[in-house]
Amino acid sequence: MEQATRFQNILYEVKPDGVAWVTLNRPDALNSFTGDLLAELAAAFHQARQNEEVRVVVITGAGRAFCAGQDLRANPDAINDLKTWLKTTYRPMLMALQDLAKPTVAMVNGVAAGAGFSLALACDFRVASAKARFVPAFGKIALVPDSGMSINLPRLIGYGRALELLGLSRDLTGEEAFAWGLVNRVCPPDELVDKTTELAGQLAQVAPLAFSHTKDLLQRAPLLTLNEALALEEAAQGRVGSSADFREGLAAFEEKRPPRFSGK
Ligand code: T3D
């Protein structure tokens with residue numbers, strides 16, 4: 001069943017295939033973040049989490065940009081106390097995205113700058129238009145990376161390349177981002193929606209519980225010893241091993257048919 005929910009600064013729509021499309025919708029301001037937009041994103045992620053019909057969330061931007069990061073004109077108060085601003089606006093949005101526990105895809109249609117770049121990095125997958133541009137932006141205005149960029153960028157491309165991008169405020173095109181392993185797919189602009197829909201459709205078929213545990217294991221792993229990683233794998237396997245989806249996976253194998261996973 002197709003659903004649409006009304007927000008002021010984003011579009012939120014759940015398609016019949018179980019994919020929720022979240023579109024940042026301030027195209028005249030290159031979809032830059034305001035407090036209201038960040039609060040609406042957090043609300044949309046909570047909604048997607050609670051709706052069992054939603055299997056995958058795609059995030060994109062209206063118009064020519066994905067997101068230009070913080071709106072540097074909209075809220076002068078924020079600039080006086082960045083620590084509180086980040087903690088009370090960006091962090092709730094990013095934690096709501098993390099807590100979704102469903103596959104997330106950034107469809108990067110154009111420029112992704114500053115915290116807009118961070119938002120793309122915070123998603124599980126990135127599909128980029130060849131015309132997309134990844135702009136660290138922070139260094140150019142003498143700030144440090146925020147909104148999770150300091151952890152998510154080196155996770156994807158390694159410390160050396162991350163420091164090169166951030167230290168030199170170097171931009172990457174969509175093609176370069178693909179070559180650097182920062183995005184999962186790159187394509188001509190007119191194929192972007194189809195490529196993203198194809199990936200989201202595949203993700204909508206995976207076993208939800210196994211996916212969220214797999215993501216959790218991969219995120220924790222770099223900080224662990226082998227023994228600790230083995231213990232976490234055992235605990236997660238113990239949980240997914242008693243799920244209905246695991247029984248369905250085994251039955252589908254025996255019956256030589258595609259599985260139908262329910263998330264239970
Ligand atoms: O509150 C805090 O500050 C803490 C939070 C920090 C998180 C952050 O995200 S910090 C980083 C903030 N973002 C930036 O510094 C990016 C600034 N913008 C740019 O570097 C470039 O505009 C872009 C690379 C995004 C796009 O370049 P381009 O050449 O495609 O477009 P443009 O001509 O530069 O911009 C078009 C218009 O959008 C222009 O306005 P105008 O001249 O037509 O009236 C430009 O000023 C405006 N614009 C672009 N980015 C922002 C913006 N207006 C407000 N805030 C923006 N972030």
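Here is a short chat about reading the strands, loops and surface of this predicted model.

User: Let's start wide. How many helices and strands does the protein have?

Analyst: Keep in mind that the model is predicted. The protein has 11 helices and 11 strands.

User: And what does the radius of gyration tell me about the overall shape?

Analyst: You hold it up against what a compact globule of that length would give. For 264 residues that would be near 18 Å, and the protein comes out at 19 Å, so the two agree. If you prefer a box, the C-alpha trace spans about 60 × 45 × 35 Å along its principal axes.

User: How much of the protein is buried?

Analyst: Here the cut-off matters: a residue is called buried when its relative accessible area is under 20%. By that rule, 44% of the 264 residues are buried. On the outside, the protein exposes about 13,800 Å², with carbon and sulfur atoms supplying 56% of that area.

User: What about the charges: how far apart are the mean positions of the positive and negative ones?

Analyst: There are 28 positive and 30 negative charges, and their mean positions lie 2 Å apart.

User: What share of the contacts joins residues at least 24 apart in sequence?

Analyst: Take the contacts between residues at least 6 apart in sequence: 65% of them join residues at least 24 apart.

User: Now the strands. What holds neighbours in a sheet together?

Analyst: Strands of a sheet pair through backbone hydrogen bonds, and the pairing is either parallel or antiparallel. E3, residues 19-24, makes a good case, as you can walk outwards from it. On one side, E2 (residues 10-14) pairs with E3 in the antiparallel sense over five bridges. To find the register, look for Ile10, which stands opposite Leu24 of E3.

User: What links E2 to E3?

Analyst: They form a hairpin, with four residues between the two strands. Check Gly18 in the turn, too: its phi is positive, about 85°.

User: Which strand runs parallel to E3?

Analyst: That's E4, residues 56-61, joined to E3 by six bridges. Thr23 of E3 faces Thr60 of E4 across that pairing. Keep going and E4 pairs with E6, again parallel, over three bridges. Ile59 is opposite Ala106 there. E6 in turn pairs with E8 (residues 125-129) in the parallel sense, over four bridges. Val105 has Phe125 of E8 as its bridge partner.

User: Are the faces of E3 buried or exposed?

Analyst: Side chains along a strand can be sorted by the way they point, and then you check each set. In E3, Val19, Trp21 and Thr23 point one way, Ala20, Val22 and Leu24 the other, and all are buried. That is six out of six residues for this strand.

User: And which residues sit on each side of E6?

Analyst: E6 covers residues 104-108. Thr104, Ala106 and Val108 are on one side, Val105 and Met107 on the other, and all of them are buried.

User: What strand order does the open sheet of four strands have?

Analyst: Read it as E5-E7-E9-E10, with mixed pairing. E5 (65-67) and E10 (172-173) are its edge strands, each pairing on one side only. E5 and E7 (residues 111-113) run parallel and are joined by two bridges. Ala65 stands opposite Val111 in that pair.

User: Which residues other than glycine have a positive phi?

Analyst: Two to look up are Ala101, with phi near 55°, and Ala137, at about 65°. Ala101 is in the loop between helix H3 (82-99) and E6. Ala137 belongs to the loop between E9 (133-135) and helix H5 (149-157).

User: Why do these two alanines count as partly exposed?

Analyst: The partly exposed class runs between the 20% and 50% cut-offs. Ala101 has 40% relative accessibility, so it falls in that class. Ala137 does as well, because its value is 23%.

User: Last one: where is Phe246 found?

Analyst: In helix H11, residues 244-255. With 41% relative accessibility, Phe246 counts as partly exposed. Leaving aside residues up to four places away in sequence, Phe246 touches Val240 and Gly241. As a ruler across the model, Phe246 and Leu143 are 47 Å apart, C-alpha to C-alpha, and 103 residues apart in sequence.

Notes:
Residues numbered from 1 in each chain as written. Predicted model: local features only at pLDDT ≥ 70, side-chain atom pairs only at ≥ 80, totals over all residues. Heavy atoms only, no water. Rg over C-alpha atoms; globule rule 2.2 N^0.38 Å. Buried < 20%, exposed > 50% of the residue type's maximum accessible area, 1.4 Å probe, protein only. Contact = heavy atoms within 4.5 Å. Areas by Shrake-Rupley, 256 points an atom, 1.4 Å probe, with all protein chains shown as cover. Lys, Arg positive; Asp, Glu negative; His and termini not counted. Charge placed at Lys NZ, Arg CZ, Asp CG, Glu CD. Pairing = 2+ DSSP bridges.
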